[in-house]
Amino acid sequence: MAAITRIETGPRMSKAVIHGDTVYLAGIVADDPKQDVTGQTRQVLAEIDRLLALAGTDKSKLLRTNIWLADMSDFAAMNAVWDGWVIAGNTPARATVEASLATPDYRVEIMVVAAK
Amino acid sequence: MAAITRIETGPRMSKAVIHGDTVYLAGIVADDPKQDVTGQTRQVLAEIDRLLALAGTDKSKLLRTNIWLADMSDFAAMNAVWDGWVIAGNTPARATVEASLATPDYRVEIMVVAAK
Amino acid sequence: MAAITRIETGPRMSKAVIHGDTVYLAGIVADDPKQDVTGQTRQVLAEIDRLLALAGTDKSKLLRTNIWLADMSDFAAMNAVWDGWVIAGNTPARATVEASLATPDYRVEIMVVAAK
């Protein structure tokens with residue numbers, strides 16, 4: 001069996017779980033949910049960068065991404081930040097749907113799977 | 001290629017699919033959707049325990065979890081059951097969003113990926 | 001580390017990403033969103049067939065599927081197409097929830113993980 005390594009493990013969830021050479025990140029929301037979707041997306045992607053680094057990988061190895069928007073009218077603003085963040089030629093499989101998140105202030109939540 | 005083993009395979013979906021040492025479970029809802037979110041969450045997690053056992057693993061090896069709540073106001077009640085079920089130090093990456101489920105009675109659906 | 005191969009890679013996402021012997025497809029929506037849910041589901045599944053073939057695999061090796069319906073009242077109509085498409089004995093773990101999609105015309109989006 002491939003080894004399992006957990007990162008920033010709390011009583012409810014881990015921020016990242018490494019299984020063999022696959023890295024599963026938690027759904028990430030902004031630290032400061034008072035920001036607009038642009039600011040929140042930047043915060044989320046910075047946190048994903050941080051967690052991928054802790055897992056020994058980076059955004060060039062993204063495999064799959066799920067994005068939830070509290071309001072689909074934020075799609076273009078979220079994508080503007082996303083498009084500037086991903087690495088050309090290394091983009092993941094992605095799906096984006098609308099969903100209410102843990103509190104009404106959250107505008108975006110992103111959950112990724114990456115290779116290590 | 002890693003072997004694929006399917007568990008409780010029906011014409012529409014399988015309850016679990018094992019690929020190499022990764023186990024993918026279906027989205028699980030309560031057998032008795034007349035119960036409240038506490039009862040439904042208990043039923044769902046018991047069914048996940050059962051399916052993980054059939055797949056030759058258990059909740060100590062959870063990798064990733066997606067939770068859908070019909071109403072995010074059930075978040076605390078669902079978490080109270082979840083927090084008592086997961087094993088400290090072995091919690092998965094997790095995301096929870098709101099979504100209407102197959103019928104209005106369903107309050108919670110949980111889909112997990114585990115290691116074998 | 002297992003190799004990563006990306007298929008139909010754009011600046012925002014890839015249509016498919018192969019990691020070792022796991023294939024992650026993007027969330028697929030219909031090319032022609034003016035069709036009803038039956039037509040859209042057929043289009044989505046045909047596109048999934050096409051992408052799986054490009055990845056060197058097929059629907060007999062589906063592992064996990066997420067389905068989003070814009071309106072859960074389309075559940076039976078989507079399932080009628082799905083049930084005729086999947087291969088008996090080879091059905092994936094699956095979850096279906098309701099979510100608004102990128103534009104109001106889209107009735108269904110499907111994201112699969114398959115073995116190669």
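In chain A of this predicted model, contacts between residues at least 6 apart in sequence are mostly a long-distance affair: 73% of them join residues at least 24 apart. Keep that in mind as you trace the chain. Starting from the N terminus, its elements run β-β-β-α-β-α-β-β, which gives two helices and six strands. Along the principal axes, the C-alpha atoms of chain A fill a box of roughly 45 × 35 × 20 Å. What does the radius of gyration say about chain A? The value is 14 Å, close to the 13 Å from the globule rule for 116 residues, so chain A is as compact as a globular protein of that length. As for burial, 51% of the 116 residues in chain A count as buried.

Now hop over to chain C and look at helix α1, residues 37-54. A quick sanity check on its geometry goes like this: at 1.5 Å a residue, its 18 residues should span 26 Å, and the end C-alpha atoms sit 25 Å apart, which agrees. Which residues of α1(C) are buried? They are C:V37, C:Q40, C:T41, C:V44, C:L45, C:I48, C:L51 and C:L52. If you look down the axis of α1(C), these buried residues fall within an arc of 130°, so they line one face of the helix. And what covers the buried residues of α1(C)? The cover includes three strands from the start of chain C, namely β1, β2 (14-19) and β3 (22-25), along with helix α2 (75-85) and strand β6 (108-115) of chain C. Just after α1(C) comes C:G56, which takes a positive phi of about 85°.

That glycine leads nicely to another spot with a positive phi. As background, most residues other than glycine have a negative phi. With that in mind, go to C:E8, which has a phi near 50°, a positive value in a residue other than glycine. Where is C:E8 placed? It belongs to strand β1 (residues 4-9) of chain C. Is C:E8 buried or exposed? C:E8 has 12 other C-beta atoms within 10 Å, and the cut-off for exposed is 12 or fewer, so C:E8 is exposed. Chain B has a matching entry: B:E8 is not a glycine, yet its phi is positive at about 50°. B:E8 lies in strand β1 (residues 4-9) of chain B, and with 12 other C-beta atoms within 10 Å, B:E8 is exposed too.

Next, how the chains relate to each other. Take chain A and rotate it by 120°, with 0.0 Å of shift along the axis, and it superposes on chain C with an RMSD of 0.0 Å. That is the relation of a three-fold axis. Which residue of chain A comes closest to the rotation axis? It is A:A99, whose C-alpha is at 3.7 Å. The two copies use different surfaces, since just 5% of the contact residues of chain A recur in chain C. Chain B goes onto chain A in the corresponding way, by a rotation of 120° with 0.0 Å of shift along its axis and an RMSD of 0.0 Å. In chain B, the residue that comes closest to the rotation axis is B:A99, at 3.7 Å for the C-alpha. Here again the copies use different surfaces, with 5% of the contact residues of chain B recurring in chain A.

So much for the symmetry; now for the contacts themselves. Between chains A and C, the contact takes 22 residues from chain A and 23 residues from chain C. On the chain A side, β4 (62-69), α2 (75-85) and β5 (93-98) each supply at least two residues. Which element gives the most to that side? It is β5(A), with six residues. By class, the side of chain A that touches chain C divides into 11 nonpolar, four polar and seven charged residues.

Turn to chains B and A, and you find 22 residues of chain B in contact with 23 residues of chain A. The elements of chain B that give two or more residues to this side are β4 (62-69), α2 (75-85) and β5 (93-98). The largest share, six residues, comes from β5(B). The side of chain B that touches chain A has 11 nonpolar, four polar and seven charged residues.

Terms used
Residues numbered from 1 in each chain as written. Chains lettered and ligands numbered in written order. Predicted model: local features only at pLDDT ≥ 70, side-chain atom pairs only at ≥ 80, totals over all residues. Helix = DSSP H or I, 4+ residues; strand = E, 2+ residues; numbered from the N terminus. Buried ≥ 20, exposed ≤ 12 C-beta atoms within 10 Å, placed from the backbone. Least-squares fit on C-alpha atoms with pLDDT ≥ 70 in both. Contact = placed C-beta atoms within 7 Å. Nonpolar A, V, L, I, M, F, W, Y, C, P; charged D, E, K, R; others polar. Expected span 1.5 Å × (residues − 1). Arc of directions from axis to C-beta. Rg over C-alpha atoms; globule rule 2.2 N^0.38 Å.
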